[in-house]
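This report concerns ring interactions and one helix contact. The structure under discussion is shown below.

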Amino acid sequence: MSEKNEAVIETTEGAELPSDALVVAENVHKSFGRLEVLKGIDLEVRRGEVMCVVGPSGSGKSTFLRCINHLEKLTAGRLWVNGELMGFRQKRGRLYELRDHEIAAQRSDIGMVFQRFNLFPHLTALGNIIEAPVQVNRVPKAEATERGRELLERVGLPDKADFYPEQLSGGQQQRVAIARALAMEPSLMLFDEPTSALDPELVGEVLDVMRDLARNGMTMIVVTHEMGFAREVGDSLVFMDDGAIVESGSPVEVLNDPQHERTQAFLSKVLF
Amino acid sequence: MKDRSVSTPTEPAEGPAPDNPQPSRPAEPIAAVPVRYPERWVAAGVVLVLAAMFVHMLFTNDAFNWPFMWENMFSEPVLRGVGVTLSATVLSMIIGILLGILLAVMRLSGNPVLVTVSWLYTWFFRGVPRLVLAVLFGNLAILYSTIHIGLPFDNYWMPLLGLEGDARFFEIDVRTVLSGYMAGLLALSLSEGAYMAEIIRAGLQSVNKGQTEAAQALGMSRGKILRRITLPQAMRVVIPPTGNETIAMLKDTALLAYVPVTIELFYQLQAIGTSTYQIFPMLVAACLWYLAATSVLMVGQYFIERRFNPEQRGARIRTVGGAH
(Lines give C-alpha, C1' and ligand atoms only; values in the text may rest on other atoms or scores of the structure.)
Protein backbone atom coordinates (compact mmCIF):
# COMPACT_ATOMS: atom_id res chain seq x y z
CA MET A 1 0.00 0.00 0.00
CA SER A 2 2.75 2.44 0.70
CA GLU A 3 5.52 1.82 -1.75
CA LYS A 4 6.16 5.56 -2.06
CA ASN A 5 7.23 6.12 1.46
CA GLU A 6 9.88 3.81 2.77
CA ALA A 7 9.54 5.21 6.26
CA VAL A 8 6.12 3.67 6.55
CA ILE A 9 6.31 0.29 8.16
CA GLU A 10 3.17 -1.75 7.92
CA THR A 11 0.32 0.19 9.38
CA THR A 12 -2.19 -2.52 8.73
CA GLU A 13 -0.53 -5.84 9.30
CA GLY A 14 -0.62 -6.79 5.68
CA ALA A 15 -4.30 -6.20 5.10
CA GLU A 16 -4.66 -6.21 1.33
CA LEU A 17 -8.41 -5.93 0.98
CA PRO A 18 -9.28 -2.34 0.13
CA SER A 19 -12.85 -2.89 1.33
CA ASP A 20 -11.43 -3.41 4.79
CA ALA A 21 -9.84 0.03 4.85
CA LEU A 22 -12.04 2.84 6.15
CA VAL A 23 -9.43 5.57 5.76
CA VAL A 24 -6.82 5.60 3.03
CA ALA A 25 -4.34 8.45 2.80
CA GLU A 26 -2.10 8.61 -0.22
CA ASN A 27 0.85 10.97 -0.29
CA VAL A 28 -1.05 13.68 1.63
CA HIS A 29 0.66 17.08 1.56
CA LYS A 30 -0.44 20.25 3.28
CA SER A 31 1.22 23.65 3.15
CA PHE A 32 0.26 26.90 4.82
CA GLY A 33 1.73 29.44 2.45
CA ARG A 34 5.39 28.51 2.16
CA LEU A 35 5.38 26.37 5.28
CA GLU A 36 5.01 22.69 4.45
CA VAL A 37 3.29 21.02 7.39
CA LEU A 38 2.59 17.58 5.88
CA LYS A 39 5.20 16.11 3.57
CA GLY A 40 3.52 13.07 2.13
CA ILE A 41 1.51 10.94 4.51
CA ASP A 42 0.51 7.43 3.47
CA LEU A 43 -1.57 5.28 5.75
CA GLU A 44 -4.57 3.02 6.01
CA VAL A 45 -6.99 2.56 8.86
CA ARG A 46 -9.11 -0.58 8.86
CA ARG A 47 -12.68 -0.73 10.09
CA GLY A 48 -12.72 -1.17 13.84
CA GLU A 49 -9.07 -0.20 14.19
CA VAL A 50 -7.90 2.22 16.84
CA MET A 51 -4.92 4.12 15.54
CA CYS A 52 -2.99 6.38 17.85
CA VAL A 53 -0.88 9.15 16.38
CA VAL A 54 1.93 10.47 18.55
CA GLY A 55 4.78 12.85 18.03
CA PRO A 56 6.23 16.16 19.17
CA SER A 57 4.11 19.30 18.88
CA GLY A 58 4.35 20.88 15.47
CA SER A 59 4.88 17.52 13.80
CA GLY A 60 1.63 17.84 11.81
CA LYS A 61 -0.47 15.30 13.73
CA SER A 62 -3.41 17.63 14.25
CA THR A 63 -3.18 19.02 10.73
CA PHE A 64 -3.34 15.51 9.32
CA LEU A 65 -6.37 14.74 11.48
CA ARG A 66 -8.08 17.90 10.22
CA CYS A 67 -7.29 16.91 6.64
CA ILE A 68 -9.25 13.69 7.12
CA ASN A 69 -12.58 15.52 7.54
CA HIS A 70 -11.48 18.30 5.21
CA LEU A 71 -11.31 21.02 7.84
CA GLU A 72 -8.01 21.61 6.08
CA LYS A 73 -7.78 21.33 2.31
CA LEU A 74 -4.99 19.08 1.09
CA THR A 75 -2.42 20.70 -1.18
CA ALA A 76 -1.44 17.39 -2.77
CA GLY A 77 -2.33 13.74 -2.50
CA ARG A 78 -5.61 11.96 -1.99
CA LEU A 79 -7.63 10.92 0.99
CA TRP A 80 -10.52 8.49 1.02
CA VAL A 81 -12.94 7.78 3.83
CA ASN A 82 -15.37 4.94 3.39
CA GLY A 83 -14.37 4.70 -0.26
CA GLU A 84 -15.23 8.35 -0.92
CA LEU A 85 -12.61 10.85 -1.99
CA MET A 86 -12.72 13.61 0.64
CA GLY A 87 -13.47 17.13 -0.54
CA PHE A 88 -13.19 16.49 -4.27
CA ARG A 89 -14.83 14.71 -7.16
CA GLN A 90 -12.73 13.12 -9.84
CA LYS A 91 -14.20 13.38 -13.31
CA ARG A 92 -12.41 12.62 -16.56
CA GLY A 93 -9.02 12.94 -14.95
CA ARG A 94 -9.80 16.30 -13.36
CA LEU A 95 -10.50 17.17 -9.74
CA TYR A 96 -13.51 19.31 -8.88
CA GLU A 97 -13.95 20.82 -5.45
CA LEU A 98 -17.10 19.64 -3.74
CA ARG A 99 -19.80 22.12 -2.86
CA ASP A 100 -20.40 23.18 0.71
CA HIS A 101 -23.34 20.82 1.29
CA GLU A 102 -21.51 17.87 -0.30
CA ILE A 103 -18.53 18.33 2.02
CA ALA A 104 -20.97 18.71 4.91
CA ALA A 105 -22.56 15.37 3.98
CA GLN A 106 -19.13 13.70 3.95
CA ARG A 107 -18.26 15.21 7.32
CA SER A 108 -21.49 14.08 8.92
CA ASP A 109 -20.18 10.52 8.80
CA ILE A 110 -16.99 11.47 10.69
CA GLY A 111 -17.12 12.46 14.33
CA MET A 112 -14.50 14.81 15.71
CA VAL A 113 -13.49 15.61 19.26
CA PHE A 114 -11.39 18.69 19.84
CA GLN A 115 -8.70 19.52 22.34
CA ARG A 116 -10.68 22.53 23.58
CA PHE A 117 -14.06 20.69 23.50
CA ASN A 118 -15.71 23.42 21.39
CA LEU A 119 -19.12 22.77 22.87
CA PHE A 120 -21.77 25.30 21.84
CA PRO A 121 -22.00 27.55 24.91
CA HIS A 122 -25.52 28.76 24.12
CA LEU A 123 -26.95 25.24 24.19
CA THR A 124 -27.34 22.80 27.06
CA ALA A 125 -25.47 19.49 27.09
CA LEU A 126 -28.50 17.80 25.56
CA GLY A 127 -28.99 20.71 23.14
CA ASN A 128 -25.41 20.27 21.98
CA ILE A 129 -26.00 16.58 21.34
CA ILE A 130 -29.28 16.84 19.43
CA GLU A 131 -28.33 19.92 17.39
CA ALA A 132 -26.76 18.12 14.43
CA PRO A 133 -29.12 15.12 14.28
CA VAL A 134 -32.12 17.46 14.24
CA GLN A 135 -30.63 20.13 11.96
CA VAL A 136 -28.63 17.96 9.57
CA ASN A 137 -30.27 14.53 9.59
CA ARG A 138 -33.81 15.83 10.21
CA VAL A 139 -34.33 13.38 13.07
CA PRO A 140 -37.58 14.25 14.93
CA LYS A 141 -36.75 16.18 18.07
CA ALA A 142 -38.37 13.70 20.46
CA GLU A 143 -36.42 10.83 18.95
CA ALA A 144 -33.16 12.79 19.02
CA THR A 145 -33.77 13.75 22.63
CA GLU A 146 -34.34 10.16 23.66
CA ARG A 147 -31.18 9.08 21.84
CA GLY A 148 -29.32 12.05 23.33
CA ARG A 149 -30.22 10.98 26.85
CA GLU A 150 -28.99 7.47 26.11
CA LEU A 151 -25.70 8.91 24.90
CA LEU A 152 -25.37 11.07 28.02
CA GLU A 153 -25.88 7.94 30.08
CA ARG A 154 -23.29 6.14 28.01
CA VAL A 155 -20.66 8.81 28.77
CA GLY A 156 -21.65 8.76 32.43
CA LEU A 157 -23.52 12.07 32.62
CA PRO A 158 -27.21 11.13 32.80
CA ASP A 159 -28.01 13.98 35.19
CA LYS A 160 -26.28 16.77 33.27
CA ALA A 161 -28.68 17.06 30.31
CA ASP A 162 -29.88 20.55 31.19
CA PHE A 163 -26.52 21.97 32.23
CA TYR A 164 -24.74 24.54 30.11
CA PRO A 165 -21.13 23.80 29.12
CA GLU A 166 -19.70 26.45 31.45
CA GLN A 167 -21.37 24.68 34.37
CA LEU A 168 -19.50 21.46 33.63
CA SER A 169 -15.91 20.50 34.44
CA GLY A 170 -13.46 20.05 31.57
CA GLY A 171 -13.77 16.27 31.72
CA GLN A 172 -17.54 16.46 31.69
CA GLN A 173 -17.47 18.89 28.76
CA GLN A 174 -15.23 16.58 26.78
CA ARG A 175 -17.53 13.63 27.48
CA VAL A 176 -20.49 15.69 26.24
CA ALA A 177 -18.43 16.54 23.16
CA ILE A 178 -17.86 12.83 22.53
CA ALA A 179 -21.59 12.17 22.94
CA ARG A 180 -22.31 15.03 20.53
CA ALA A 181 -20.06 13.45 17.89
CA LEU A 182 -21.57 10.00 18.47
CA ALA A 183 -25.09 11.37 18.00
CA MET A 184 -24.46 11.54 14.26
CA GLU A 185 -23.69 7.79 14.31
CA PRO A 186 -20.37 8.26 12.53
CA SER A 187 -18.39 5.39 11.10
CA LEU A 188 -15.14 7.07 12.12
CA MET A 189 -14.15 9.10 15.17
CA LEU A 190 -11.26 11.58 15.17
CA PHE A 191 -9.77 12.67 18.49
CA ASP A 192 -7.49 15.70 18.48
CA GLU A 193 -5.56 15.55 21.77
CA PRO A 194 -8.81 15.04 23.68
CA THR A 195 -7.19 15.12 27.13
CA SER A 196 -4.49 17.75 26.65
CA ALA A 197 -6.59 20.63 27.98
CA LEU A 198 -7.77 18.73 31.05
CA ASP A 199 -6.63 18.86 34.63
CA PRO A 200 -4.71 15.65 35.34
CA GLU A 201 -7.38 14.20 37.62
CA LEU A 202 -10.02 14.53 34.86
CA VAL A 203 -8.09 12.69 32.15
CA GLY A 204 -9.15 9.25 33.31
CA GLU A 205 -12.88 9.76 32.90
CA VAL A 206 -12.45 10.81 29.26
CA LEU A 207 -10.08 7.94 28.47
CA ASP A 208 -12.61 5.56 30.04
CA VAL A 209 -15.27 6.70 27.59
CA MET A 210 -12.86 6.32 24.68
CA ARG A 211 -11.80 2.86 25.87
CA ASP A 212 -15.47 1.89 26.00
CA LEU A 213 -15.95 3.15 22.45
CA ALA A 214 -12.98 1.18 21.19
CA ARG A 215 -14.27 -1.95 22.86
CA ASN A 216 -17.54 -1.53 20.97
CA GLY A 217 -15.74 -1.60 17.66
CA MET A 218 -15.61 2.10 16.75
CA THR A 219 -12.92 3.02 14.23
CA MET A 220 -10.84 5.72 15.88
CA ILE A 221 -7.87 7.88 15.04
CA VAL A 222 -6.49 9.39 18.21
CA VAL A 223 -3.86 12.09 18.32
CA THR A 224 -2.62 11.84 21.87
CA HIS A 225 0.19 12.18 24.36
CA GLU A 226 -1.27 9.42 26.54
CA MET A 227 1.19 6.62 25.84
CA GLY A 228 -0.48 4.36 28.36
CA PHE A 229 -3.77 4.67 26.52
CA ALA A 230 -2.05 4.12 23.17
CA ARG A 231 -0.42 0.94 24.44
CA GLU A 232 -3.53 -0.42 26.09
CA VAL A 233 -6.28 0.52 23.60
CA GLY A 234 -4.50 1.20 20.33
CA ASP A 235 -4.32 -1.43 17.59
CA SER A 236 -1.65 0.51 15.80
CA LEU A 237 0.59 3.45 16.52
CA VAL A 238 2.04 6.04 14.20
CA PHE A 239 4.93 8.27 15.19
CA MET A 240 5.06 11.51 13.26
CA ASP A 241 7.80 14.08 13.16
CA ASP A 242 8.33 17.09 10.94
CA GLY A 243 5.31 16.40 8.74
CA ALA A 244 6.07 12.78 7.96
CA ILE A 245 5.45 9.35 9.42
CA VAL A 246 8.72 8.20 10.92
CA GLU A 247 7.68 4.88 12.31
CA SER A 248 4.54 2.83 12.74
CA GLY A 249 3.44 -0.56 13.93
CA SER A 250 1.80 -2.15 16.90
CA PRO A 251 1.87 0.17 19.93
CA VAL A 252 3.76 -2.28 22.10
CA GLU A 253 6.47 -2.77 19.48
CA VAL A 254 6.95 0.90 18.73
CA LEU A 255 6.81 2.04 22.34
CA ASN A 256 9.02 -0.71 23.74
CA ASP A 257 11.45 -1.06 20.90
CA PRO A 258 11.52 2.06 18.73
CA GLN A 259 13.66 1.53 15.63
CA HIS A 260 14.19 5.09 14.53
CA GLU A 261 16.38 7.42 16.53
CA ARG A 262 13.87 10.27 16.37
CA THR A 263 11.26 7.96 17.88
CA GLN A 264 13.72 6.96 20.55
CA ALA A 265 14.55 10.57 21.30
CA PHE A 266 10.89 11.51 21.57
CA LEU A 267 9.88 8.57 23.72
CA SER A 268 12.80 9.09 26.07
CA LYS A 269 11.38 12.52 26.89
CA VAL A 270 7.81 11.34 27.43
CA LEU A 271 6.68 10.07 30.77
CA PHE A 272 4.47 7.02 30.76
CA MET B 1 -18.33 4.08 33.96
CA LYS B 2 -21.38 5.23 35.86
CA ASP B 3 -19.82 4.64 39.22
CA ARG B 4 -16.83 6.64 38.11
CA SER B 5 -18.79 9.67 37.10
CA VAL B 6 -20.55 9.83 40.42
CA SER B 7 -17.22 10.10 42.17
CA THR B 8 -15.81 12.48 39.60
CA PRO B 9 -13.63 14.79 41.65
CA THR B 10 -14.88 18.08 40.26
CA GLU B 11 -16.96 19.47 43.08
CA PRO B 12 -14.57 20.02 46.00
CA ALA B 13 -12.91 23.02 44.36
CA GLU B 14 -16.25 24.80 44.18
CA GLY B 15 -17.68 23.62 47.48
CA PRO B 16 -17.29 25.29 50.86
CA ALA B 17 -13.73 25.63 52.07
CA PRO B 18 -12.51 22.83 54.28
CA ASP B 19 -12.20 23.48 58.01
CA ASN B 20 -9.32 25.68 58.89
CA PRO B 21 -6.60 23.34 60.08
CA GLN B 22 -5.27 25.95 62.49
CA PRO B 23 -7.14 26.29 65.80
CA SER B 24 -9.24 29.47 65.76
CA ARG B 25 -8.63 32.09 68.43
CA PRO B 26 -11.20 34.64 69.60
CA ALA B 27 -11.00 37.80 67.39
CA GLU B 28 -11.83 41.32 68.51
CA PRO B 29 -13.98 43.18 65.91
CA ILE B 30 -12.35 46.39 64.61
CA ALA B 31 -14.10 49.53 65.88
CA ALA B 32 -12.12 52.37 64.27
CA VAL B 33 -13.36 55.91 63.58
CA PRO B 34 -14.06 56.17 59.80
CA VAL B 35 -12.43 58.87 57.68
CA ARG B 36 -14.72 61.93 57.18
CA TYR B 37 -15.05 63.81 53.90
CA PRO B 38 -16.33 67.32 54.73
CA GLU B 39 -15.51 68.71 51.24
CA ARG B 40 -17.97 66.25 49.73
CA TRP B 41 -20.71 67.58 51.96
CA VAL B 42 -19.92 71.14 50.94
CA ALA B 43 -20.11 70.16 47.26
CA ALA B 44 -23.38 68.33 47.87
CA GLY B 45 -24.79 71.44 49.52
CA VAL B 46 -23.88 73.61 46.53
CA VAL B 47 -25.45 71.13 44.12
CA LEU B 48 -28.62 71.01 46.21
CA VAL B 49 -28.98 74.80 46.15
CA LEU B 50 -28.51 74.88 42.36
CA ALA B 51 -31.10 72.14 41.96
CA ALA B 52 -33.54 74.03 44.13
CA MET B 53 -33.02 77.16 42.01
CA PHE B 54 -33.76 75.15 38.86
CA VAL B 55 -36.96 73.64 40.26
CA HIS B 56 -38.03 77.07 41.49
CA MET B 57 -37.58 78.43 37.99
CA LEU B 58 -39.67 75.62 36.52
CA PHE B 59 -42.61 76.68 38.68
CA THR B 60 -42.24 80.46 38.54
CA ASN B 61 -41.21 81.24 34.95
CA ASP B 62 -44.42 81.86 32.99
CA ALA B 63 -42.79 80.96 29.67
CA PHE B 64 -43.20 77.33 30.61
CA ASN B 65 -46.98 77.68 30.59
CA TRP B 66 -47.51 74.25 32.09
CA PRO B 67 -51.32 74.16 31.76
CA PHE B 68 -51.06 74.90 28.02
CA MET B 69 -48.41 72.22 27.58
CA TRP B 70 -50.39 69.66 29.51
CA GLU B 71 -53.50 70.40 27.49
CA ASN B 72 -51.80 70.05 24.11
CA MET B 73 -49.35 67.28 24.92
CA PHE B 74 -52.09 64.69 24.57
CA SER B 75 -54.04 66.24 21.72
CA GLU B 76 -54.93 63.88 18.94
CA PRO B 77 -52.36 64.93 16.31
CA VAL B 78 -49.60 64.71 18.91
CA LEU B 79 -50.65 61.22 19.95
CA ARG B 80 -50.71 60.22 16.29
CA GLY B 81 -47.23 61.71 16.03
CA VAL B 82 -46.09 59.48 18.91
CA GLY B 83 -47.44 56.52 16.95
CA VAL B 84 -45.47 57.60 13.87
CA THR B 85 -42.31 57.98 15.97
CA LEU B 86 -42.70 54.50 17.42
CA SER B 87 -43.53 52.85 14.09
CA ALA B 88 -40.64 54.61 12.36
CA THR B 89 -38.29 53.45 15.14
CA VAL B 90 -39.43 49.84 14.96
CA LEU B 91 -39.50 49.64 11.16
CA SER B 92 -36.18 51.36 10.56
CA MET B 93 -34.51 49.17 13.20
CA ILE B 94 -35.91 45.97 11.68
CA ILE B 95 -34.82 46.96 8.18
CA GLY B 96 -31.52 48.25 9.55
CA ILE B 97 -30.75 45.00 11.39
CA LEU B 98 -31.60 42.81 8.37
CA LEU B 99 -29.52 45.06 6.16
CA GLY B 100 -26.74 44.97 8.74
CA ILE B 101 -26.68 41.16 8.76
CA LEU B 102 -26.53 41.14 4.97
CA LEU B 103 -23.74 43.74 4.88
CA ALA B 104 -21.76 41.98 7.62
CA VAL B 105 -21.98 38.63 5.84
CA MET B 106 -20.95 40.34 2.59
CA ARG B 107 -18.05 41.97 4.37
CA LEU B 108 -16.84 38.64 5.75
CA SER B 109 -17.57 36.67 2.55
CA GLY B 110 -14.10 36.97 1.06
CA ASN B 111 -15.47 37.90 -2.37
CA PRO B 112 -13.68 41.13 -3.34
CA VAL B 113 -16.74 42.71 -5.03
CA LEU B 114 -19.05 41.99 -2.09
CA VAL B 115 -16.43 43.12 0.42
CA THR B 116 -15.82 46.38 -1.42
CA VAL B 117 -19.50 47.17 -1.94
CA SER B 118 -20.22 46.50 1.72
CA TRP B 119 -17.29 48.71 2.74
CA LEU B 120 -18.35 51.55 0.42
CA TYR B 121 -21.92 51.37 1.67
CA THR B 122 -20.81 51.61 5.29
CA TRP B 123 -18.37 54.38 4.46
CA PHE B 124 -21.08 56.48 2.77
CA PHE B 125 -23.88 56.07 5.27
CA ARG B 126 -21.66 56.48 8.30
CA GLY B 127 -20.01 59.53 6.81
CA VAL B 128 -23.11 61.55 5.91
CA PRO B 129 -25.11 63.10 8.78
CA ARG B 130 -28.57 61.66 9.23
CA LEU B 131 -30.14 65.10 8.99
CA VAL B 132 -28.58 65.55 5.55
CA LEU B 133 -29.72 62.07 4.53
CA ALA B 134 -33.27 62.80 5.66
CA VAL B 135 -33.47 65.98 3.57
CA LEU B 136 -31.69 64.28 0.66
CA PHE B 137 -34.17 61.40 0.56
CA GLY B 138 -37.01 63.87 0.90
CA ASN B 139 -35.88 65.38 -2.39
CA LEU B 140 -35.18 62.10 -4.18
CA ALA B 141 -38.12 62.69 -6.51
CA ILE B 142 -35.99 65.33 -8.24
CA LEU B 143 -33.67 62.54 -9.36
CA TYR B 144 -36.29 60.04 -10.43
CA SER B 145 -39.87 60.95 -11.19
CA THR B 146 -40.66 57.40 -12.23
CA ILE B 147 -38.97 54.06 -11.58
CA HIS B 148 -39.05 51.45 -14.34
CA ILE B 149 -38.70 47.80 -13.45
CA GLY B 150 -37.06 45.75 -16.22
CA LEU B 151 -33.71 44.62 -17.56
CA PRO B 152 -30.84 47.04 -17.00
CA PHE B 153 -29.23 49.15 -19.76
CA ASP B 154 -31.96 48.19 -22.24
CA ASN B 155 -31.59 51.47 -24.15
CA TYR B 156 -28.03 50.39 -25.03
CA TRP B 157 -28.20 46.72 -25.82
CA MET B 158 -31.65 46.43 -27.39
CA PRO B 159 -30.68 48.49 -30.50
CA LEU B 160 -27.43 46.52 -30.77
CA LEU B 161 -29.41 43.32 -31.03
CA GLY B 162 -31.72 44.92 -33.57
CA LEU B 163 -34.66 44.88 -31.19
CA GLU B 164 -37.24 47.62 -30.95
CA GLY B 165 -39.10 48.93 -27.95
CA ASP B 166 -37.79 48.46 -24.42
CA ALA B 167 -37.35 45.81 -21.78
CA ARG B 168 -39.33 47.63 -19.09
CA PHE B 169 -42.18 45.71 -17.56
CA PHE B 170 -43.86 48.22 -15.32
CA GLU B 171 -43.26 51.62 -13.87
CA ILE B 172 -43.79 53.29 -10.53
CA ASP B 173 -44.47 56.94 -9.87
CA VAL B 174 -41.90 57.96 -7.27
CA ARG B 175 -44.05 60.68 -5.78
CA THR B 176 -46.79 58.23 -4.84
CA VAL B 177 -44.50 55.56 -3.42
CA LEU B 178 -41.91 57.83 -1.86
CA SER B 179 -44.19 59.75 0.43
CA GLY B 180 -42.44 61.83 3.03
CA TYR B 181 -42.78 59.03 5.54
CA MET B 182 -41.35 56.42 3.17
CA ALA B 183 -38.46 58.68 2.20
CA GLY B 184 -37.62 59.38 5.83
CA LEU B 185 -37.93 55.73 6.75
CA LEU B 186 -35.61 54.83 3.89
CA ALA B 187 -33.02 57.39 5.02
CA LEU B 188 -33.10 56.16 8.62
CA SER B 189 -33.03 52.42 7.79
CA LEU B 190 -30.28 52.67 5.19
CA SER B 191 -28.21 54.70 7.62
CA GLU B 192 -28.92 52.27 10.45
CA GLY B 193 -27.91 49.36 8.22
CA ALA B 194 -24.40 50.77 8.04
CA TYR B 195 -24.07 51.02 11.82
CA MET B 196 -25.65 47.63 12.43
CA ALA B 197 -23.31 46.07 9.86
CA GLU B 198 -20.33 47.11 11.98
CA ILE B 199 -21.96 45.90 15.19
CA ILE B 200 -22.93 42.54 13.71
CA ARG B 201 -19.54 42.08 12.08
CA ALA B 202 -17.85 42.63 15.42
CA GLY B 203 -20.29 40.16 16.97
CA LEU B 204 -19.65 37.47 14.38
CA GLN B 205 -15.91 37.92 14.66
CA SER B 206 -16.12 37.60 18.44
CA VAL B 207 -17.29 33.99 18.14
CA ASN B 208 -14.43 31.55 18.56
CA LYS B 209 -13.33 29.83 15.34
CA GLY B 210 -13.57 26.48 17.12
CA GLN B 211 -17.34 26.89 17.16
CA THR B 212 -17.53 26.97 13.38
CA GLU B 213 -15.12 24.05 13.13
CA ALA B 214 -17.11 21.95 15.57
CA ALA B 215 -20.28 22.65 13.62
CA GLN B 216 -18.55 21.90 10.32
CA ALA B 217 -17.23 18.63 11.71
CA LEU B 218 -20.81 17.69 12.60
CA GLY B 219 -21.79 18.16 8.96
CA MET B 220 -23.66 21.44 9.29
CA SER B 221 -23.81 23.62 6.18
CA ARG B 222 -22.56 27.19 6.14
CA GLY B 223 -26.03 28.73 6.33
CA LYS B 224 -27.04 26.51 9.24
CA ILE B 225 -23.85 27.29 11.10
CA LEU B 226 -24.52 31.01 10.73
CA ARG B 227 -28.14 30.72 11.84
CA ARG B 228 -27.83 28.12 14.58
CA ILE B 229 -24.31 28.54 15.98
CA THR B 230 -22.59 31.81 15.09
CA LEU B 231 -25.42 34.37 15.13
CA PRO B 232 -26.92 33.22 18.46
CA GLN B 233 -23.50 33.52 20.07
CA ALA B 234 -22.84 36.85 18.40
CA MET B 235 -26.08 38.08 19.99
CA ARG B 236 -24.40 38.53 23.36
CA VAL B 237 -21.99 41.02 21.80
CA VAL B 238 -24.56 42.50 19.41
CA ILE B 239 -27.49 43.07 21.79
CA PRO B 240 -26.14 45.85 24.06
CA PRO B 241 -25.05 48.21 21.25
CA THR B 242 -28.25 47.40 19.35
CA GLY B 243 -30.23 48.57 22.35
CA ASN B 244 -28.31 51.81 22.27
CA GLU B 245 -28.93 52.08 18.54
CA THR B 246 -32.67 51.64 19.09
CA ILE B 247 -32.72 54.39 21.68
CA ALA B 248 -30.69 56.65 19.41
CA MET B 249 -33.02 55.82 16.53
CA LEU B 250 -36.07 56.80 18.53
CA LYS B 251 -34.52 60.20 19.09
CA ASP B 252 -33.39 60.47 15.47
CA THR B 253 -36.95 60.04 14.21
CA ALA B 254 -37.24 63.73 15.11
CA LEU B 255 -35.15 64.30 11.97
CA LEU B 256 -38.17 63.19 9.94
CA ALA B 257 -39.57 66.65 10.66
CA TYR B 258 -37.06 67.96 8.11
CA VAL B 259 -37.92 65.53 5.29
CA PRO B 260 -40.61 66.79 5.98
CA VAL B 261 -42.96 64.26 7.51
CA THR B 262 -45.84 66.36 8.75
CA ILE B 263 -47.50 63.65 10.83
CA GLU B 264 -44.37 63.10 12.87
CA LEU B 265 -44.27 63.93 16.60
CA PHE B 266 -41.69 66.72 16.66
CA TYR B 267 -43.22 68.37 13.57
CA GLN B 268 -46.65 68.32 15.19
CA LEU B 269 -45.41 69.75 18.49
CA GLN B 270 -43.53 72.51 16.71
CA ALA B 271 -46.55 73.24 14.52
CA ILE B 272 -48.74 73.73 17.56
CA GLY B 273 -46.01 75.85 19.15
CA THR B 274 -45.57 78.21 16.22
CA SER B 275 -49.26 78.60 15.45
CA THR B 276 -50.08 79.46 19.07
CA TYR B 277 -46.87 81.38 19.84
CA GLN B 278 -46.27 78.90 22.67
CA ILE B 279 -43.00 77.59 21.32
CA PHE B 280 -41.27 76.76 24.58
CA PRO B 281 -44.00 74.66 26.22
CA MET B 282 -44.20 72.53 23.10
CA LEU B 283 -40.43 72.01 23.06
CA VAL B 284 -40.65 70.90 26.68
CA ALA B 285 -43.48 68.56 25.65
CA ALA B 286 -41.16 67.11 23.01
CA CYS B 287 -38.47 66.53 25.66
CA LEU B 288 -40.98 64.79 27.92
CA TRP B 289 -42.34 62.55 25.17
CA TYR B 290 -38.89 61.47 24.01
CA LEU B 291 -37.75 60.97 27.61
CA ALA B 292 -40.77 58.79 28.36
CA ALA B 293 -40.28 56.66 25.25
CA THR B 294 -36.53 56.21 25.71
CA SER B 295 -37.03 55.36 29.40
CA VAL B 296 -39.37 52.52 28.44
CA LEU B 297 -36.79 51.30 25.92
CA MET B 298 -34.02 51.40 28.53
CA VAL B 299 -36.04 49.17 30.84
CA GLY B 300 -36.63 46.77 27.95
CA GLN B 301 -32.94 46.86 27.11
CA TYR B 302 -32.05 45.85 30.65
CA PHE B 303 -34.20 42.73 30.51
CA ILE B 304 -33.15 41.72 26.99
CA GLU B 305 -29.48 42.05 27.89
CA ARG B 306 -29.99 39.90 30.93
CA ARG B 307 -31.79 37.29 28.85
CA PHE B 308 -29.01 37.07 26.28
CA ASN B 309 -26.06 37.06 28.64
CA PRO B 310 -25.17 33.42 29.29
CA GLU B 311 -22.80 34.39 32.08
CA GLN B 312 -25.58 35.93 34.09
CA ARG B 313 -27.89 33.08 33.24
CA GLY B 314 -25.24 30.67 34.45
CA ALA B 315 -24.68 32.75 37.56
CA ARG B 316 -28.35 32.54 38.45
CA ILE B 317 -28.39 28.77 38.12
CA ARG B 318 -25.19 28.49 40.11
CA THR B 319 -26.61 30.60 42.88
CA VAL B 320 -29.61 28.34 43.06
CA GLY B 321 -27.28 25.35 43.11
CA GLY B 322 -25.60 26.79 46.19
CA ALA B 323 -22.01 26.74 44.95
CA HIS B 324 -19.88 29.91 44.52
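In this predicted model, the charged end of A:Lys91 is placed over the ring of A:Tyr96, 5.7 Å from the ring centre. A second such arrangement involves A:Lys160, which lies over the face of A:Phe163 at 4.7 Å from the ring centre.

Over all chains, the structure holds 10 aromatic pairs. Two of the pairs, from chain B, are tabulated here.

| Pair | Centre to centre | Angle between planes | Class |
|---|---|---|---|
| B:Phe64 and B:Phe280 | 5.5 Å | 75° | edge-to-face |
| B:Phe153 and B:Tyr156 | 6.2 Å | 45° | tilted |

B:Phe64 belongs to the loop between α2 (38-60) and α3 (66-73) of chain B, and B:Phe280 to helix α13 (residues 279-308) of chain B, so their pairing ties together parts that are 216 residues apart in sequence. B:Phe64 is buried, because its relative accessible area of 9% falls under 20%. B:Phe280, at 44% relative accessibility, counts as partly exposed. Together with B:Trp66, B:Phe64 and B:Phe280 form one aromatic cluster. As for the tilted pair, B:Phe153 and B:Tyr156 are both exposed.

Chain B also contains a helix contact. The axes of helix α4 (residues 76-107) of chain B and helix α12 (residues 265-276) of chain B come within 7 Å and cross at roughly 155°; α4(B) and α12(B) are therefore roughly antiparallel to each other. On the α4(B) side, the contact is made by B:Pro77, B:Val78, B:Gly81, B:Val82 and B:Thr85, and on the α12(B) side by B:Leu265, B:Gln268, B:Leu269 and B:Ile272. The residues of this contact comprise 6 nonpolar, 3 polar and no charged.

Definitions and conventions. Residues are numbered from 1 along each chain as its sequence is written. Chains are lettered from A and ligands numbered from 1 in the order in which they are written. This is a predicted model: local features need pLDDT of at least 70, side-chain atom pairs count only at pLDDT 80 or more; totals for chains, interfaces and linings use all residues. Side-chain values use heavy atoms; hydrogens and water are left out. Axes are lines fitted to C-alpha atoms, for helices over the stretch in contact, and angles run from 0 to 180 degrees between N-to-C directions. Helices (H or I, at least four residues) and strands (E, at least two) are DSSP runs, numbered from the N terminus. Angles under 35 degrees count as roughly parallel, over 145 as roughly antiparallel, 65 to 115 as roughly perpendicular and the rest as oblique. Contact means heavy atoms within 4.5 Å. Ala, Val, Leu, Ile, Met, Phe, Trp, Tyr, Cys and Pro count as nonpolar, Asp, Glu, Lys and Arg as charged, and the others, Gly among them, as polar. Rings of Phe, Tyr and Trp (its six-membered ring) pair if their centres lie within 6.5 Å; planes under 30 degrees apart count as stacked, over 60 as edge-to-face and the rest as tilted. Buried means under 20% relative accessible area, exposed over 50%, partly exposed in between (1.4 Å probe, protein chains only). A charge sits over a ring if NZ of Lys or CZ of Arg is within 6 Å of the ring centre and within 35 degrees of the ring normal.
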